[in-house]
Amino acid sequence: MENILTILISTILVNNYIFAQFLGICPFLGVSSKTETAVGMGVAVTFVVVIASAVTWLLQTFVLNPLGLQYLQTIVFILVIASLVQFVEMFIKKSSPALYNAMGVYLPLITTNCMVLGVTVLNIQNEYNFIETLFSGLGASLGFTLALILLSALRERLEIVPVPKPLQGVPIALMSAGLMAIAFYGFQGLV
């Protein structure tokens, strides 16, 4: 149980994939302008990462390793992730067309989100068991969602304050993300 708590704290705060490892920056910046969109993307990424972590661990443990096909790991993992993203995209399109339109191109880009692939590969490299893999995927996606929500709330706030014209939009978002990364660096001694 202690190991699971350590994995969760580590992936959410200490080794946050956005602020500490700088993986998944494209959807982080692209979908973080509105909080509702950030929450929707966070839920979608959480579903994909947790299920992909479970499926890829099972495939690696029971198919790739026994057959000596470890060299196919990246291809197999990307196929699993792409399938899950297609499922999520179809579900969101049917259940919430407004959210689907708000996410735009960033929803299918979850497939190429290096954070999603990074989590699945790191779970194998860290030799996590199945339960640890699930919690690592959950923690990584919760950390991603936390980063998205924090930046989206800040960006919404920055829309109503006077920001110098050259810094409006992406420049102030990048500066804010950099300051948040520095703030998250303060969690380094936690685990």
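Here are three short exercises on this predicted model.

**Exercise 1. Helix H6**

Work out how the span of H6 compares with the expected value, and find what covers its buried residues.

Solution.
- Start with the range: H6 runs over residues 114-125 and has 12 residues.
- Next, the span. From first C-alpha to last, H6 reaches 16 Å, close to the 16 Å expected at 1.5 Å a residue.
- Now list buried positions. Among them are Met115, Val119, Val121 and Ile124.
- Then look for the cover: it includes helix H3 (35-67), helix H4 (73-95) and helix H7 (130-158).
- Finally, step past the end. Just after H6, Glu127 has a positive phi of about 55°.

**Exercise 2. The nonpolar cores**

Which residues of the largest nonpolar core touch the most other members, and which elements supply this core?

Solution.
- The core holds 33 residues, and Phe19, Phe28, Met41, Val48, Ile110 and Met115 touch the most other members.
- Elements giving two or more residues are H3, H4, H6, H7 and helix H8 (170-185).
- H3 gives the largest share, 7 residues.
- Another core, of 5 residues, lies apart from this one; Trp57, Leu64, Val121 and Ile124 are among its members.
- Zoom in on Ile110. Beyond four places in sequence, its contacts include Met41, Val48, Ile81 and Val116.

**Exercise 3. Glu89**

Find the nearest side chain of opposite charge to Glu89, and decide whether the pair makes a salt bridge.

Solution.
- Locate Glu89: it lies in helix H4.
- Glu89 is buried.
- The nearest opposite charge is on Lys93, 6.7 Å away.
- A salt bridge needs nitrogen and oxygen within 4 Å, so Glu89 has none.
- Leaving aside neighbours within four places in sequence, Glu89 contacts Tyr100, Leu107 and Pro108.

Notes
Residues numbered from 1 in each chain as written. Predicted model: local features only at pLDDT ≥ 70, side-chain atom pairs only at ≥ 80, totals over all residues. Heavy atoms only, no water. Helix = DSSP H or I, 4+ residues; strand = E, 2+ residues; numbered from the N terminus. Expected span 1.5 Å × (residues − 1). Buried < 20%, exposed > 50% of the residue type's maximum accessible area, 1.4 Å probe, protein only. Contact = heavy atoms within 4.5 Å. Core = buried A, V, L, I, M, F, W, Y, C linked by side-chain atoms within 4.5 Å. Lys, Arg positive; Asp, Glu negative; His and termini not counted.
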